[in-house]
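In these notebook entries I record what I looked up in one structure, entry by entry. Each term is explained where it first appears.

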Amino acid sequence: AYEVDWKEGGASVSATDAVFAPDAFDVVLAGPVHLQSAQLLALTQRGFMQYFVESTIQVWLKRDCGLVTSFLSYFDDNEYRPDPEDYNPSRILVHFDIQPTAS
């Protein structure tokens, strides 16, 4: 499952807004099947890229939409846990910034 939140200048923009020119958007990967392997690769930091879905979206945006993007991914636990040992992420938040292109 996924959700997309478009942003323009830091404020959320809905698809029904009259002017729809976002410069960033967020994707929430809820319960992805690769979550455990991505966490393990992130922990080992052995040069393997754990951004499977994020990279695929980035390539698709470039190839099919002509958009150059950069992204940051975060593991997210949808419940606050005061003890870091109890941290149990259930989704991945991905923030994409759309880079300006020369006209």
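**Entry 1. A buried aspartate and its partner.** I began with D76, which counts as buried because its relative accessibility is 16%. I use "buried" for under 20% relative accessible area, "exposed" for over 50% and "partly exposed" for what lies in between, with a 1.4 Å probe and protein chains only. I note that this is a predicted model, in which local features need pLDDT of at least 70 and side-chain atom pairs count only at pLDDT 80 or more, while totals for chains, interfaces and linings use all residues. Residues are numbered from 1 along each chain as its sequence is written, and side-chain values use heavy atoms, with hydrogens and water left out.

I then looked up the partner of D76 and found a salt bridge with R91, the closest N and O atoms being 2.6 Å apart. A salt bridge here is a side-chain nitrogen of Lys or Arg within 4 Å of a carboxyl oxygen of Asp or Glu. R91 lies in strand β5 and D76 in strand β4, so the pair ties together parts that are 15 residues apart in sequence. Helices (H or I, at least four residues) and strands (E, at least two) are DSSP runs, numbered from the N terminus. R91 is partly exposed, at 25% relative accessible area.

**Entry 2. The other salt bridges I checked.** The count of salt bridges comes to four. I found D77 and R81 joined in one of them, at 2.4 Å from N to O. E79 also forms a salt bridge with R81, with 3.9 Å between the closest N and O atoms. D77, E79 and R81 are thus linked in a network. For their accessibility, I recorded D77 as buried at 10%, R81 as partly exposed at 27% and E79 as partly exposed at 47%.

**Entry 3. Strand pairing.** How many bridges join β3 to β5? I found seven, and the two strands run antiparallel. Two strands pair if DSSP finds at least two bridges between them. V28 has L93 as its bridge partner in β5. β4 and β5 also pair in the antiparallel sense, over eight bridges. Here S73 has V94 as its bridge partner in β5.

**Entry 4. The two faces of β5.** In a regular strand the side chains alternate between the two faces of the sheet. I looked for this along β5 and found that I92, V94, F96 and I98 point to one face and are buried. R91, L93, H95 and D97 point to the other face and are not buried.

**Entry 5. Aromatic rings.** My search of the whole structure gave two aromatic pairs. Rings of Phe, Tyr and Trp (its six-membered ring) pair if their centres lie within 6.5 Å; planes under 30 degrees apart count as stacked, over 60 as edge-to-face and the rest as tilted. The rings of F25 and F96 are stacked, because their centres are 4.9 Å apart and their planes are at 15°. F25 lies in β3 (residues 24–30) and F96 in β5 (residues 91–98), so this pair ties together parts that are 71 residues apart in sequence. The pair of F71 and F96 is tilted, at 5.7 Å centre to centre and 50° between the planes. F71 is in β4 (residues 69–76), 25 residues from F96 in sequence. I recorded F25 and F96 as buried, and F71 is buried as well. Ring pairs link F25, F71 and F96 into a cluster.

**Entry 6. The nonpolar core.** I looked up the largest nonpolar core and counted ten residues, among them F25, F71, F96, L35 and L61. Such a core is a set of buried Ala, Val, Leu, Ile, Met, Phe, Trp, Tyr and Cys residues joined through side-chain atoms within 4.5 Å. β3 and β5 each supply at least two residues of this core, and the largest share, four residues, comes from β5.

**Entry 7. Polar contacts.** D26 is found in strand β3 and counts as buried because its relative accessibility is 18%. Its side chain makes a polar contact of 2.5 Å with the side chain of H95. A polar contact is a pair of N or O atoms within 3.5 Å; within protein, one must be able to donate a hydrogen and the other to accept it, and residues adjacent in sequence count only if both atoms are side-chain atoms. I also found a polar contact of 2.9 Å between the side chains of S70 and Q99. S70 lies in β4 and is partly exposed at 31% relative accessibility.
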